[in-house]
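Reader: Hey, could you walk me through one part of this model up close? I'd like to hear how its nonpolar interior and helix packing are put together.

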Amino acid sequence: MSPTFSIFIPVYRESDLLRSLLERLIADPYKEKEIFVVIDEPTIRSLRLVRDFASSVYFIWNGKRKGKANVLNDLVTKSRGEILLFLDSDVLIDESSKSFLQKIAKEIADADIVEMKKRVLRDSFVARLASYDYLGFNFTSWFFSRKLGKCLGMNGAAFAIRREAFERLGGFRRVIVEDLDIATRAFIKGLRYKFVEDISVSTKAPSSWREWFEQRKRWGIGGALWFKEYFNNLKEIVKDHPGVLLPCLLFIFPSLPFFLFTLFMPDDLHIKALYLSIIVLSTQTSLLLPPIAFTSTSLAFMRNLFLMVGSIGAYTTIFYVIARKLGFIFNPVEFVLFYIIYSPLWLLIIIVSLVKVYTGIKKLDVSWKI
């Protein structure tokens, strides 16, 4: 007998993509399924969906915010499925993922958690840059899955988990990054994880820099709190699996190597070496290269420029190969802009968030999630 799916979709107020998502789930040929949609502070538009899908979907609406973790934990207790599928309300199931639920049921047969590939709806400039961020996330999950069969974190926009595994973990905790948190606890407990690249969804990314900053500030604080809570565990994991964790860190934060190099590498040694090289070169060529023209400032600038160009070239090549493997769109110009603008901003937000958390900031805006 096929296992039953319990599908959970939390909504805050409304979602532009929810109708399409429900239509696809209802039309999916997999029979053993139940769909729950919980809406905090529903709008008139959301209530229309309740009317249109009332015969196929269990709707729960709350007049005030109860928080994502709270409502999902409550819904699980009301469900009967052996497989729990969590979907954000702003995702679309890709047309290529035919028999979506059947594929998940097949893949989870030898796993406790299955995560689907996430693309970004490239409907704005910011979203197109964010797609390379998601490419790094996807590859990291794929790498953990292939190397360890476990994963420290995942994108909670679309994942399935066995009921017994969810109950063993105690469900979601009231934290900002509840998906990262439950994945880390699953890793520590040794639950089996699988990233499946031929089951995919597309998710809505912020369409403006203002929306992006608000989202990333929340993620940054959540990530910093996660890092502080699991610091001792992370030290052991790095010690046990350095060949997996450290490379993945470089894919999640592509600007990190350049940042660390410029921050910790002493200037004097490289400037002197470059200065001597110029002197030697000027004596061996017919072209006059007067060393006096190169001040220490210009030499430092040249060093950083060469480092950046080399780093961009290396990362562009690597991400292009990964994009081909995972079926992502890749545009070199977009990627360069991602590398020199988007990635450093995201890294800076993480650094600032860590400082805030470790200096004892009192008031944190954690949004509706908890």
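Author: Let's call a residue buried when its relative accessible area is under 20%, exposed when over 50% and partly exposed in between, with a 1.4 Å probe and protein chains only. By that yardstick, 49% of the 370 residues in the protein chain are buried. A quick caveat: this is a predicted model, so local features need pLDDT of at least 70 and side-chain atom pairs count only at pLDDT 80 or more, while totals for chains, interfaces and linings use all residues. Numbering runs from 1 along each chain as its sequence is written, and side-chain values use heavy atoms, with hydrogens and water left out.

Now the interior. A nonpolar core here is a set of buried Ala, Val, Leu, Ile, Met, Phe, Trp, Tyr and Cys residues joined through side-chain atoms within 4.5 Å. The largest has 71 residues, and Phe-86 and Ile-161 have the most contacts inside it. Helix α5 (residues 125-147) gives the largest share of this core, twelve residues; helices are DSSP runs of H or I with at least four residues, numbered from the N terminus.

That same α5 packs against helix α14 (residues 332-358) at about 80°, their axes 10 Å apart. The axes are lines fitted to C-alpha atoms over the stretch in contact, and angles run from 0 to 180 degrees between N-to-C directions. So α5 is roughly perpendicular to α14, a label covering 65 to 115 degrees. Contact means heavy atoms within 4.5 Å; among the residues meeting there are Phe-125, Leu-129 and Phe-137 from α5, and Phe-335, Tyr-342 and Trp-346 from α14.

Notes: Helices (H or I, at least four residues) and strands (E, at least two) are DSSP runs, numbered from the N terminus. Angles under 35 degrees count as roughly parallel, over 145 as roughly antiparallel, 65 to 115 as roughly perpendicular and the rest as oblique.
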